[in-house]
Amino acid sequence: MVRKKFPKLKSRVVLAPMHNITNVAFRVLCKKYGASMVSTELLSANALARGNSAVEKLALNDKSEKPVVGQIFGQKIENVVKAGKFLESQGFDLIDFNLGCPSKKIMGQGSGGALLRRPGKVGEIVKALVDVVKIPVTVKIRSGIDGRNRAVEIAKICESSGASAVIVHARSVEQGYSGKADWNVIKEVKEAVKIPVIGNGDVWNGENAKRMIDETGCDYVMIGRGAIGNPFVFKSVKMFLDKEKMIEQSSSEKVEDYFNYIKLCKKFGIFSVVDAKLKAQEFTKGLKGSVELRRELNKVKSFEEIERLMKGLV
Ligand SMILES: Cc1cc2nc3c(=O)[nH]c(=O)nc-3n(C[C@H](O)[C@H](O)[C@H](O)COP(=O)(O)O)c2cc1C
């Protein structure tokens, strides 16, 4: 087993994998704003192993977003290994293995967060992946399943199995996305392993990011919900980390970002009216007129109508 070196990233802030959010168009936009690493949403290793074309489509990536991570979940070693090789062949720079998804369906298969109960199995899977791909393998963990904190134990097993970095979402699986993230867990993992640690949970702005780095010593900060409809967050966090300066985006710039997102979706052949509607809500959240916009969006059927409503906002 040879551990591959985790790349030195250009900034300390990276985009979290998010289902239905982090497609190639969204990632390219986040990259443009300074996210130094971006990731696909979680992809089923079983589906990739049997060549499921819908899931393969989610693995679409582009040179302009490098370094880009392909995230997989699963628990059958043979399929995880096949999926890892497939993602490597598709140009991904890193593979991330999901050890935290709280979805009942995924946990029910013994994957995602359910694996936190089986440190031995985690070690076997990570080692098998590290052995077959030439690119770095990372793991994304939670603090544990319930109240019992297993982060240090799992992180150490992943490190000794060849993982190149560990991402710590400082919440238990049972917490889902509610309650506060316990950043102490990130600090404990950072003190316990030598590989880079990426802290995650409740970072919405530059001040939070700086505090997470200061309090935990983590190498990088990962942003999830704070980036939804807000790829600009990467520029503002980077500005705060570099110069302790706060910057904001105007409403018209937000709407412009939305249209840039749509342009990228069309370029990559992933445009859909359903997603365009969803993103219109996300990109305008909190803006003047967004409540009325949401109501109107529920009635529309074509992109031309969405376009008209969005242009009417500014
Ligand atoms: C809509 C949504 C989808 C998510 N999908 C994934 C996923 O596919 N893979 C994963 O590892 N985590 C997923 N997560 C968890 C995030 O990556 C992140 O760990 C979590 O949101 C905590 O970070 P935050 O407080 O910055 O949002 C998802 C979170 C949200 C809100």
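**Exercise 1. The largest cavity**

How do the residues of the lining of the largest cavity divide into nonpolar, polar and charged?

Solution. The model is a predicted one. Start with the search of the whole structure, which finds 1 cavity of 30 Å³ or more. The volume of the largest cavity is about 50 Å³. Next, list its lining: L15, P17, M37, S39, V69, D96, T138, I167 and M222. Then sort these residues by class, which gives 6 nonpolar, 2 polar and 1 charged.

**Exercise 2. Strand β3 and its partners**

Determine how β3 is covered and how β3 pairs with β2 and β4.

Solution. Begin with burial: 6 of the 6 residues of β3 are buried. Now take the two faces separately. V68, G70 and I72 are buried on one side, and V69, Q71 and F73 are buried on the other. Then turn to the pairing. Strand β2, residues 38-44, runs parallel to β3 over 5 bridges, with S39 opposite V69. β4 also pairs with β3 in the parallel sense, over 4 bridges; here Q71 stands opposite D96. Finally, link this back to the cavity: S39, V69 and D96 are among the residues that line the largest cavity.

**Exercise 3. Helix α6**

Check the span of helix α6 against the value expected for its 14 residues, and find what its buried residues pack against.

Solution. The helix covers residues 119-132. The expected span is 1.5 Å times one less than the number of residues, so for α6 it should be 20 Å. The end C-alpha atoms are 20 Å apart, in agreement with that value. For the packing, identify the buried residues: P119, K121, V122, G123, I125, V126, A128, L129 and V130. These pack against three strands and two helices, namely β3 (68-73), β4 (94-99) and β5 (137-144), together with α4 (77-89) and α7 (151-160).

**Exercise 4. Two pockets**

Describe the largest pocket and the second largest pocket by volume, lining and class of residue.

Solution. Take the largest pocket, which holds about 750 Å³ of space. It is lined by 37 residues, and those closest to its centre are P17, M18, H19, L42 and Y177. β2 gives the most to this lining, with 4 residues. Other elements that supply at least two residues each include α3 (53-58), α5 (104-108), β6 (165-172) and β8 (220-223). By class, the lining has 18 nonpolar, 12 polar and 7 charged residues.

Now treat the second largest pocket in the same order. Its volume is about 560 Å³. Of its 23 lining residues, W204, G226, N230, V233 and K254 lie nearest the centre. α9 (206-216), α10 (233-243) and α12 (273-284) each supply at least two residues, and α10 gives the most, with 3. The class count is 7 nonpolar, 8 polar and 8 charged residues.

**Exercise 5. The setting of K210**

Is K210 buried, partly exposed or exposed, and which residues is K210 in contact with beyond its neighbours within four places in sequence?

Solution. Place the residue first: K210 lies in helix α9. Its relative accessibility is 25%. Buried means under 20% and exposed means over 50%, so K210 counts as partly exposed. With neighbours within four places in sequence set aside, the contacts of K210 are F240, L241 and E244. As a last step, compare with a residue 100 places away along the chain: the C-alpha atoms of K210 and G110 are separated by 36 Å.

Methods. Residues numbered from 1 in each chain as written. Predicted model: local features only at pLDDT ≥ 70, side-chain atom pairs only at ≥ 80, totals over all residues. Heavy atoms only, no water. 1 Å grid on protein atoms, 1.4 Å probe; cavity = no way out; pocket = protein on both sides within 12 Å on 5 of 7 lines; lining within 4 Å. Points joined across faces, edges and corners; volume = space filled by probe spheres on them. Nonpolar A, V, L, I, M, F, W, Y, C, P; charged D, E, K, R; others polar. Buried < 20%, exposed > 50% of the residue type's maximum accessible area, 1.4 Å probe, protein only. Contact = heavy atoms within 4.5 Å. Pairing = 2+ DSSP bridges.
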